[in-house]
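Reader: I have the sequence and the model open side by side, and I would like to walk through the fold with you. Could we start with the overall picture and then go into the details?

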Amino acid sequence: MLDARGRRRADVVVADGVIRAVGPDVLGDAPARARVLEASGCVVAPGLVDLHAHLRQPGAEEAETVETGGRAAALGGYTAVVAMPNTDPPVDSAAVAREVLALGGRALVEVCVAGAITIGRAGKRLAPMGELAALGVRLFTDDGAGVQDGALMRRALDYAKGLGVTLAQHCEDDHLAGAGAMHEGAWSSRLGLPGIPSAAEESMVARDIALARLTGARVHFLHLSTAGSVELVRRAKAEGLPVTAEAAPHHLVLTDASCASYDACYKVNPPLRTETDVTAVRVGVLDGTIDAIATDHAPHLPEAKDVPFDDAPSGMLGLETALAVALSVMDIAQALASLSWKPATIAGLSPRHGGPVEPGAAANLCVIDPALSWTVDPVRLASRSRNTPFGGWTFMGRNRHTVSAGEAVVVDGEAQR
Amino acid sequence: MTHLLSIADLDREGIEEILRVADAFAEVEKRPIPKVPTLRGRAVATLFFEESTRTRLSFETAAKRLSADVLSFSAASSSVKKGESIRDTVETIEAMGMDALVVRHSSAGVPVQVSRWVKRCKVINGGDGWHEHPTQALLDCFTVRQLRGGIDGLRVLIVGDIRHSRVARSQVLAYTTLGASVTLAAPGSLLPPSLEGWPVEVAEDLDDALGNADVVSLLRLQAERGSGAFVPTLREYTAGWGLTARRAALLGGDAIVTHPGPMIRGVEIAGDVADLPQAVVTRQVTNGVAVRMAVLFLLLGGVL
């Protein structure tokens, strides 16, 4: 068993959604006819928490739904996901938030909702953050776009402080990014594709660090992708500013060289960057500058991606591969910290999710087989879409069972409903 | 050669083979009936998702002189307008029994994607976004070789909007593969964001570079790709980077000036300079047919 307190050898008894007993000789405490999930050789841990999933509902149910995305999450070891608000309509009103939360009530994992910072994610007028916060919304973001207007972002931060919520920024200066389709650098120059310079991200990270200093409000940086961004956040944390950050799994292992195939599967925003950036993002996760690994799970149908690179939508799947990707570059304790308890704290879900595995705690658990070798087959993913960049990759380590609110929703790698 | 998507698909021997075969077809063009039965019964489709006059006409002329059947597809009046995907369009056209597809698109990489979608068709890149225009670079090399006897050791200067130029990207690869040295000259805003890995130098001073050049390749300022905003005014661009009459006087006696067309007289090249014998623009156009005949011939395995 492995949680934020460390590693030990134990059985876990769960009943009525709650952990009843944890220890070497507790199976006697199990209710009669209790179901036994075999976990020898495995690691029992608090369930994973994704800060960044695009579940596409309402509006793009052909690509994903709360149900299919929730199933993909459960299979990946997650017990909670934060659904991003860039749906159609976006989550900029209590009505839409209620709809997604209601859909989430039937999903295999807990579905939280992030709200938009501005109406229509248009960056002009503040969304009703208070009404959304009253529904339990703890993260706000215009993800897919950054809030371009610095004065509006400052106002949003001032307002958010009184609500106890966190604003999360997709850092991208629209003017600098232009019509960019990939990272601007040696590869984009050779391939003749318009590029997005690192400065498009870094300039907004720098601005929002300054705004965190100005307002004292918490800022969470979404999907950091450049060495410069990591360094800016490292300094901000050293200064004691209330900032947190996440990185996406693909930014830990893939570079802009992948775009040489012109396969739009590799088009993602922020774009895949250079080897130097990949190394810096990894170091950032390992030294704690980057708190969380968050999937940026972004389903798109094959026909949407089978178009000119310039025209394709950005995004790649992540929920069913994030753990394996993390385990390919760090040990399991580091992976779980950035996939479970640290993001749970940022999402305001701790200790219900990501908390210590102890009697009385909510039964949100995953059971990981770290020695299982498996190959990603896009056709077999539970997501409604197939746009994984890891098709055909062989990984070591996979989620085996998931217990969500006491229910065994995944057993031996199979979703139970 | 499976397809011709980029000059990088070719090694030196591959380029030289195309140029040698083009020599033979240049002879054919001088005959009273400039047509050979080499590709009789074969079908070539030109799929132009971006408008073009000279490249399409050149490819279609080349295919017809080889006696291939030619099918001409234009996105402006097609199923693409009705919402059909490029992939479905390509699969439909291939299903009509095409042997080769010449693809032009305003987005980089489309011919590469098309080459993954076809089953047996050969794909030729007719120009994709800012990426490449391989047959243009081949016909430039053919023209220079015709006038100078060879490419090896020549000093090539490429001037203008290199950032947005598929011609420049193909030229750099083709000229350097054939042993020439390449220098780029452009305002900083019209150079690619990175030249890492490019076997080129960047000229400090255009006037000095002109004096040293055996070949000057001028590029059009691509206003339709937004290049207008990359320089303050056309007048300033012409003053700094145009081949004016004063600059043309700096050229060596046997220097060659090429331009892929269409030329904008008075911007990148002065009208008088465009009409100098050193400017070989119409010769390039003539040679384009022979070079494209060679590419079609080699891809479709015709018999000489």
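Author: Let us begin with chain A, which has 13 helices and 19 strands. Please keep in mind throughout that this is a predicted model.

Reader: How does the radius of gyration of chain A compare with what the globule rule gives for 417 residues?

Author: The radius of gyration is 20 Å, which is close to the 22 Å from the globule rule, so chain A is as compact as a globular protein of that length. Along the principal axes, the C-alpha atoms of chain A fill a box of roughly 65 × 50 × 40 Å.

Reader: Let's go to the start of chain A; how do β3 and β4 of chain A pair, parallel or antiparallel?

Author: Strand β3 of chain A, residues 11–15, and strand β4 of chain A, residues 18–23, are antiparallel and share 5 bridges. Within that pairing, Val12(A) stands opposite Val22(A) of β4(A). The two strands form a hairpin with 2 residues between them, and in the turn Asp16(A) has a positive phi of about 55°.

Reader: And what does Ala10(A) touch?

Author: Ala10(A) sits in the loop between β2 (6–7) and β3 of chain A. Leaving aside residues up to four places away in sequence, Ala10(A) touches Met1(A), Val22(A), Gly23(A) and Pro24(A). Ala10(A) and Asp25(A), 15 residues apart in sequence, have their C-alpha atoms 7.8 Å apart in space.

Reader: Moving on to the parallel sheet of chain A, in what order do its 3 strands come?

Author: The order is β6-β7-β8 in chain A, in an open sheet with parallel pairing. The edges are β6 (48–53) and β8 (110–113) of chain A, each with a single partner strand, so one side of each has no neighbour in the sheet. From one strand to the next the twist averages 20°.

Reader: How many bridges hold β7 and β8 of chain A in register?

Author: Strand β7 of chain A, residues 78–83, pairs with β8(A) over 4 bridges in the parallel sense, and Val81(A) stands opposite Val111(A) of β8(A).

Reader: Which strands does α13(A) lie across?

Author: Helix α13(A) lies across β6 and β7 of chain A, and it runs at about 70° to β6(A). Another partner of this helix is α12 of chain A: residues 322–329 of α12 pack against residues 332–346 of α13 at an angle of about 135°, with the axes 8 Å apart. That angle makes α12(A) oblique to α13(A), and the crossing is right-handed.

Reader: Which residues make that contact between α12(A) and α13(A)?

Author: From α12(A) the contact uses Ala322(A), Leu323(A), Ala326(A) and Leu327(A), and from α13(A) it uses Ile332(A), Ala335(A) and Leu339(A). By class, the contact of α12(A) with α13(A) has 7 nonpolar residues, with no polar and no charged ones.

Reader: Changing topic to the backbone, where are the cis peptide bonds you would point me to?

Author: One is the bond from Gln57(A) to Pro58(A), with omega near 5°, and Pro58(A) is in the loop between β6 and α1 (66–76) of chain A. Another runs from Asn269(A) to Pro270(A), with omega near 0°; Pro270(A) is found in the loop between α9 (250–253) and α10 (275–286) of chain A.

Reader: Why are those worth a second look?

Author: Most peptide bonds are trans, and most residues other than glycine have a negative phi. On the phi side, Arg56(A) is not a glycine and yet has a positive phi of about 70°; Arg56(A) is placed in the loop between β6 and α1 of chain A.

Reader: What about chain B, in what order do the 4 strands of its open sheet come?

Author: They are ordered β2-β1-β3-β4 in chain B, with parallel pairing. The edge strands of chain B are β2 (69–74) and β4 (122–128), each pairing on one side only. The twist averages 15° from one strand to the next. Helix α11 of chain B, residues 281–300, packs on this sheet and touches β1, β3 and β4 of chain B, its direction making about 150° with that of β4(B).

Reader: Last one: at what angle do α5 and α6 of chain B pack?

Author: Helix α5 of chain B, residues 134–148, and helix α6 of chain B, residues 166–177, pack at about 50°, with their axes 8 Å apart. α5(B) and α6(B) are therefore oblique to each other, and their crossing is right-handed. The residues of the contact of α5(B) with α6(B) divide into 7 nonpolar, 3 polar and 1 charged.

Notes: Residues are numbered from 1 along each chain as its sequence is written. Chains are lettered from A and ligands numbered from 1 in the order in which they are written. This is a predicted model: local features need pLDDT of at least 70, side-chain atom pairs count only at pLDDT 80 or more; totals for chains, interfaces and linings use all residues. Side-chain values use heavy atoms; hydrogens and water are left out. Two strands pair if DSSP finds at least two bridges between them. Axes are lines fitted to C-alpha atoms, for helices over the stretch in contact, and angles run from 0 to 180 degrees between N-to-C directions. Contact means heavy atoms within 4.5 Å. Angles under 35 degrees count as roughly parallel, over 145 as roughly antiparallel, 65 to 115 as roughly perpendicular and the rest as oblique. A crossing is left-handed if the near helix is turned anticlockwise from the far one by less than a right angle, and right-handed if clockwise. Ala, Val, Leu, Ile, Met, Phe, Trp, Tyr, Cys and Pro count as nonpolar, Asp, Glu, Lys and Arg as charged, and the others, Gly among them, as polar. The radius of gyration is taken over C-alpha atoms; the globule rule is 2.2 Å times the number of residues to the power 0.38.
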